[in-house]
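Colleague: Please take me through this model one point at a time, giving the reasoning and the cut-offs as we go.

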Amino acid sequence: MANNLVMSQQERDKAAVTKEVDKGRLSARDAAERLGLCRRQVFRLLKRYREEGDAGLVHRLRGTSSNHGYAKRLKAQVIELYWRPQYRDYGPTQFTEVLAADHKIQVDHETVRRWLMAAGGTNVQRKKRPHRSKRSRRSAIGDMVQFDGSDHDWFEGRGPSCTLLHLIDDATSRAFLRFAPSENTADCLRTFRSYCLRYGVPRSTYTDRGPVFSTDSGTLTDFGRAMQVLGVTQIFANSAEAKGRVERGNRTHQDRLIKALRRGGISSIGAANRFLERSYLEQHNTRFAESTDGLPDVHRPLPKDLQLDSVFCFQTDRYLRRDFTITLDAVYIQILKGPYALPRPTQHLIVRRYLDDSLHIFNGNEELRYKILPGKPAPRKTRPFIPRPDHPWKVARLIGKGKLKP
């Protein structure tokens, strides 16, 4: 069998030196020095060469299984597990983690990759991506947070399609995740508020130019107004590639998180958010986030006197009519008297709709009482003004007509 094996360069060198010794052209001492072996080993090689020829110089373990290799039964078990429906779309790295966690099988992920490739497995080749110039990470935690939404069939048909709202710290790649029905203003505000309550207020955000974050006219959105109140600088990316850190994170979650939800049988947004908080976020950040050693944390704490409901909300201005009413979404609202000075008619009031859908009206920082009217208020009835006979208006008119002398 060894005759059919190709000799390595080292084995060919041994063969050439051994032939010289066999022909008496080279001493065993010189051959040992040239090959880096002892004289006894040279004599062993010479004996095998005389008995088997060149094949006797091929390493005896060539073509056999390594003594340190995995058992064939274990390899067959791993491949059998991979072809199960729930694992068929797993990559080798994640499949190796599942083997260790759920099946108590410890195998190196590159070994699993070779086994699966030999068995015809899909999704095991490394994907080639175009080369791009890498932007350096920020030098402090909380200096910049990338924010993006990832629309996907996260529950694989078991539940409604939804969006994963993804915040990632640029310095450490620490992720903060929440599921929502869509990338809408209310859920983006809720998610950013939860982030601030956990970590503090970041110095800047890096987002796309979607309607939640910016407008073509340059006016502030409700998300932008909240960032302005908190003192957070908004930075907008001009392409998806520019915010590559959060985009790569989305691809990772679309692979690993989907399968984790599948294993847990999770099919609703509420259950998915509980799963994120209970286990997934901590495991993901432990696995993928960079070390925070030596990095300063520049998150600002939320001011204690700050009314978060008035920051993370929908806000608009409304004109106060002379009858002390305003209109909002074609609904008339009557401003009531209270322990405050009534605002002047024709001025503008601040109308805020909190994230719990409650409505609040402010004159500056003072909240006003109100009631919603069932319809348009009836116009006020006024009596026509009838001047007295000697009223200056009438006197001037009569003098002008010559009916009365001045």
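Colleague: What relative accessibility does glutamate 156 have?

Modeller: The classes are buried for under 20% relative accessible area, exposed for over 50%, and partly exposed in between, with a 1.4 Å probe and protein chains only. Glutamate 156 counts as partly exposed because its relative accessibility is 33%.

Colleague: What pLDDT do local features need?

Modeller: Residues are numbered from 1 along each chain as its sequence is written, and side-chain values use heavy atoms, leaving out hydrogens and water. This is a predicted model, in which totals for chains, interfaces and linings use all residues and side-chain atom pairs count only at pLDDT 80 or more, while local features need a pLDDT of at least 70.

Colleague: With which residue does arginine 158 form a salt bridge at 3.2 Å?

Modeller: A salt bridge here is a side-chain nitrogen of Lys or Arg within 4 Å of a carboxyl oxygen of Asp or Glu, and by this rule there are 23. Arginine 158, which is partly exposed at 35% relative accessible area, belongs to a salt-bridge network with Asp89, Glu156 and Arg262. Its closest N and O atoms at 3.2 Å are those shared with glutamate 156.

Colleague: What relative accessible area makes aspartate 187 buried?

Modeller: Aspartate 187 forms a salt bridge with arginine 190 at 3.2 Å, N to O, and both lie in helix 7 (residues 185-199), three residues apart, about one turn of the helix. Arginine 190 is partly exposed at 35%. Aspartate 187 is buried because its relative accessible area is 15%.

Colleague: How are helix 1 and helix 2 oriented, parallel or antiparallel?

Modeller: Helices (H or I, at least four residues) and strands (E, at least two) are DSSP runs numbered from the N terminus, and axes are lines fitted to C-alpha atoms, for helices over the stretch in contact, with angles from 0 to 180 degrees between N-to-C directions. The axes of helix 1 (residues 9-22) and helix 2 (residues 28-35) come within 10 Å and cross at roughly 170°. Angles under 35 degrees count as roughly parallel, over 145 as roughly antiparallel, 65 to 115 as roughly perpendicular and the rest as oblique. The two helices are therefore roughly antiparallel.

Colleague: Which residues of helix 2 make the contact with helix 1?

Modeller: Contact means heavy atoms within 4.5 Å. On the side of helix 1, the contact is made by Asp13, Lys14, Val17 and Val21, and on the side of helix 2 by Ala31, Arg34 and Leu35.

Colleague: Which strands stand at the edges of the open sheet of five strands?

Modeller: Two strands pair if DSSP finds at least two bridges between them, and the order in this sheet is 3-2-1-4-5, with mixed pairing. Strand 1 pairs in the antiparallel sense with strand 2 (residues 162-169) over eight bridges, and is joined in parallel to strand 4 (residues 204-207) by two bridges. Strand 1 (residues 145-152) is largely enclosed by the rest of the structure, because six of its eight residues are buried. The edges, each with a single partner strand and so with one side left without a neighbour in the sheet, are strand 3 (175-180) and strand 5 (233-236).

Colleague: In the sheet of four strands, what twist is the average from one strand to the next?

Modeller: This open sheet has the order 6-9-10-11 with antiparallel pairing, and strand 6 (313-319) and strand 11 (366-368) are its edge strands, each pairing on one side only. From one strand to the next, the twist averages 35°.
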